[in-house]
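Here are some questions on the cysteines of one protein chain, each with a reasoned answer.

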Amino acid sequence: MGILSRSPTYGRRSEDNGMKLLATALFATAFGILLGLSFPSFWISNASLPKNLLRSIAISNRHSDNAAPVHAIDISKIWVPSNPKGAERLPPSIIASESDLYLHRLWGNPEEDLKKKPRYLVTFTVGYKQRQNIDACVKKFSDNFTIVLFHYDGKTSEWDDEFDWSKNVIHISVRKQTKWWYAKRFLHPDIVARYDYIFMWDEDLGVDHFDAEEYIHMVKKHGLEISQPGLDPEKGCTWQITKKREHVEVHKETDEKLEWCSNPPRPPCAAFVEIMAPVFSRDAWRCVWHMIQNDLVHGWGLDFALRRCVEEPAYEKIGIVDTQWIVHQFIPSLGSQGKEEDGKSPLQGVRDRCHMEWKMFERRVDEAEKEYFKSLQVQTPSNSTTLH
């Protein structure tokens, strides 16, 4: 057998191939460098690669030992004890703990909804039969006021048919309920927090001599936290303190029958307004709302306790505005919403309930006082809440 030997031609061919590969590699490297210098801002964009591929690259980078650490936000770690109860898991700056009764559009930029934000709130508890009276009242309040009608007779759409202003006020309808029932459920202090003053008015008030803006001016001028307009002394019977006086802007005290008022700085000789047309500052209302009882819906006796919701001396912060006065028409319309029972007319049944609630409220306040001072181990001071 002959001996096999490597041919000189084969060796030269291998050497030539190696040189070609080296030259190709050098050329590719140079081209890459040239391309990078020519387009320094060239990056792979989201549009240049399929999303699945980009996601795969991101996952690979996340698990790579050489990848930069990513600090993800763990929202389960948010806990702010100073937030309102129940909202501790929210970042503080997103919390909206207060609200208002401003009406908003269903379209457009929310920041452009309100051309004007009313500063005051007025509510009337109404039945459709008193619509002409309420029409006169509503016209006394400017666009600085949000107006709410509480309907105890279930009629609401009828108002829109008769009065143009009705389409721009808030209607809340629950049959056979009272002003204080509505107030407790719909006027929580955090809901009406944007209003400087809250008017809680009945439906049977004559307002020929009343101007709402001027009333607000007087309240601010005299520093009244709780107030009401003076009442025409010639129309019906009322407490001495709420009767309109001549030649004064505001009064805060009066003389009363001795058996009704043995302690002049106390109600009804001072620090007293009636529950038919009270006006509360924002701070006073926050206190009054908490004092309203859920089941005592007529509010009788509440007027004797309102002084608890202002700083002492209370008779300096509670008063009657004489320059803006009203007429109490004494229309017992809510009495018709009662029920004839045990031989009593609907009106008599409602009045009996009012007197019963007065006694119950007085007893609850007295017992709460005693319980509080007992917890402090001190003697209960003489601080009568209601009329004896």
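The questions and answers below concern disulfides and cysteine burial in this predicted model.

Q: How many disulfides does the model contain?
A: A disulfide is counted where two cysteine sulfur atoms lie within 2.5 Å. C261 and C269 qualify, with S to S at 1.8 Å, and C287 and C309 qualify with S to S at 2.0 Å. The count is two disulfides.

Q: Which pattern do the disulfides follow, with bonded cysteines counted along the chain?
A: One disulfide links C261 with C269. Another links C287 with C309. Counting bonded cysteines along the chain, the pattern is 1-2, 3-4.

Q: How many residues apart in sequence are the parts tied together by C287 and C309?
A: The link of C287 and C309 is left-handed, with -65° about the S-S bond. C287 belongs to helix α7 (residues 282–291), while C309 sits in the loop between α8 (302–305) and β9 (318–328). The pair therefore ties together parts whose separation in sequence is 22 residues.

Q: Is C287 buried or partly exposed?
A: Buried requires under 20% relative accessible area, and exposed requires over 50%. Its disulfide partner C309 has 10% relative accessibility and so counts as buried. C287 has 29% relative accessibility, so C287 counts as partly exposed.

Q: Are C261 and C269 buried or exposed?
A: The cut-off for buried is under 20% relative accessible area. Both C261 and C269 meet this cut-off and are buried.

Q: Is C354 buried or exposed?
A: C137, at 0% relative accessibility, counts as buried. C354 has 6% relative accessibility, so C354 also counts as buried.

Conventions. Residues are numbered from 1 along each chain as its sequence is written. This is a predicted model: local features need pLDDT of at least 70, side-chain atom pairs count only at pLDDT 80 or more; totals for chains, interfaces and linings use all residues. Side-chain values use heavy atoms; hydrogens and water are left out. Buried means under 20% relative accessible area, exposed over 50%, partly exposed in between (1.4 Å probe, protein chains only). Helices (H or I, at least four residues) and strands (E, at least two) are DSSP runs, numbered from the N terminus.
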